[in-house]
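Biologist: Could you take me through one helix of this protein in close-up? I would like to know which of its residues are tucked away and what covers them.

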Amino acid sequence: MASHHLQYFLVVSMVALLTIPSDAKLTPDFYDKVCPQALPIIKSIVQRAISRERRMGASLLRLHFHDCFVNGCDASVLLDEAPNFLSEKIASPNMGSLRGFEVVDEIKAAVDKACKRPVVSCADILAVAARDSISILGGQLYWYKVLLGRRDATTASMDAANTNLPPPFFSFSQLLTNFQSHGLDLKDLVALSGAHTIGLAQCSIFRNRIYNESNIDHKFASSLQRTCPLIGGDSNLAAMDSTPTRFDTSYYKGLLHKKGLFHSDQELFKGDGSESDRLVKLYSKSSSAFSRDFKASMIKMGNMKPLTGKLGQIRVNCRKVN
């Protein structure tokens with residue numbers, strides 16, 4: 001029985017090598033010939049998951065961010081602990097808050113069944129699921145073509161996740177330095193932070209802001225204190241902006257009125273006439289400007305150090321190396 005499984009795996013691996021494009025550039029039509037049904041399947045499963053729980057869109061988007069910011073967009077964030085590495089899932093920014101792994105598993109099983117072999121990488125699933133989440137919760141304005149052809153990492157790094165993911169207490173200069181270290185710039189920082197227009201956050205992440213900071217609307221802080229006590233209730237949830245299940249510009253409107261949930265959010269707008277201030281004001285008024293810049297920054301982020309060609313692998317199970 002085991003030998004039959006081994007033979008099957010070797011056959012599908014050889015077929016995949018023969019049929020998957022091996023050039024090193026990401027392209028939007030990567031799966032058009034090898035498995036044209038892959039992207040529609042991903043969208044249908046993401047749609048179903050969001051219908052079950054609206055928050056899942058934010059969770060899938062966050063998975064893509066937390067993947068790309070740690071050694072590139074290579075699905076390392078999905079790997080469970082193995083003998084030769086610690087999982088990124090147990091890094092401080094991820095532990096107890098990163099979600100959506102079961103949805104990724106469901107997508108992977110469905111596309112592999114439809115494609116009759118492991119042809120779609122887990123890294124590409126994360127990129128497409130993030131785009132689909134955004135467009136489902138925000139509408140066609142936020143849809144964009146995802147560049148595809150990423151392959152999956154064969155290792156993960158808990159230490160890199162702890163080092164490379166910007167924490168919610170960072171100052172503006174620290175945020176900018178972090179983004180620049182990934183090849184991103186100030187506009188990318190302000191635009192990509194708009195991802196906080198959807199989703200919920202745990203009390204332990206924003207407690208210090210609502211009790212100890214002055215650059216916050218007093219009524220806003222008081223209302224959050226009812227959800228998030230000074231002691232206890234660490235996992236109690238609060239909305240990232242006033243419309244947490246709709247991808248829109250409410251996040252930026254909130255910043256103008258000192259209603260950023262995280263310290264790092266409010267750092268983007270201080271009312272000092274900076275370039276960051278200018279972009280926050282622009283995005284608060286113009287959905288088209290925000291969508292244009294957000295989509296461009298998502299594509300740019302998705303292009304961070306991808307494994308392509310013969311690098312990495314196409315995982316059979318997104319949670320473990322083949």
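Modeller: Happy to! Let's begin with the whole chain, which in this predicted model has 14 helices and two strands. Its C-alpha trace spans about 65 × 40 × 35 Å along the principal axes. For 322 residues, a compact globule would have a radius of gyration near 20 Å, and the chain agrees with that because its own value is 20 Å. Buried residues account for 51% of the 322. If you look at contacts between residues at least 6 apart in sequence, 76% of them join residues at least 24 apart. As for the outside, the accessible surface comes to about 14700 Å², and carbon and sulfur atoms hold 57% of it.

Now zoom in on helix H13, which runs through residues 275-285. "Buried" here means under 20% relative accessible area. In H13 that applies to Ser-276, Asp-277, Leu-279, Val-280, Tyr-283 and Ser-284. Try finding them in the picture while looking down the helix axis: the buried residues of H13 fall within an arc of 165 degrees, so they line one face of the helix. A general rule helps here: an α-helix has 3.6 residues a turn, so residues three or four places apart point the same way.

And what lies over that face? The cover on the buried residues of H13 includes helix H7 (172-181) and helix H8 (186-192). Helix H11 (250-256) and helix H14 (287-302) are also among the elements that cover them.

Definitions and conventions: Residues numbered from 1 in each chain as written. Predicted model: local features only at pLDDT ≥ 70, side-chain atom pairs only at ≥ 80, totals over all residues. Heavy atoms only, no water. Helix = DSSP H or I, 4+ residues; strand = E, 2+ residues; numbered from the N terminus. Rg over C-alpha atoms; globule rule 2.2 N^0.38 Å. Buried < 20%, exposed > 50% of the residue type's maximum accessible area, 1.4 Å probe, protein only. Contact = heavy atoms within 4.5 Å. Areas by Shrake-Rupley, 256 points an atom, 1.4 Å probe, with all protein chains shown as cover. Arc of directions from axis to C-beta.
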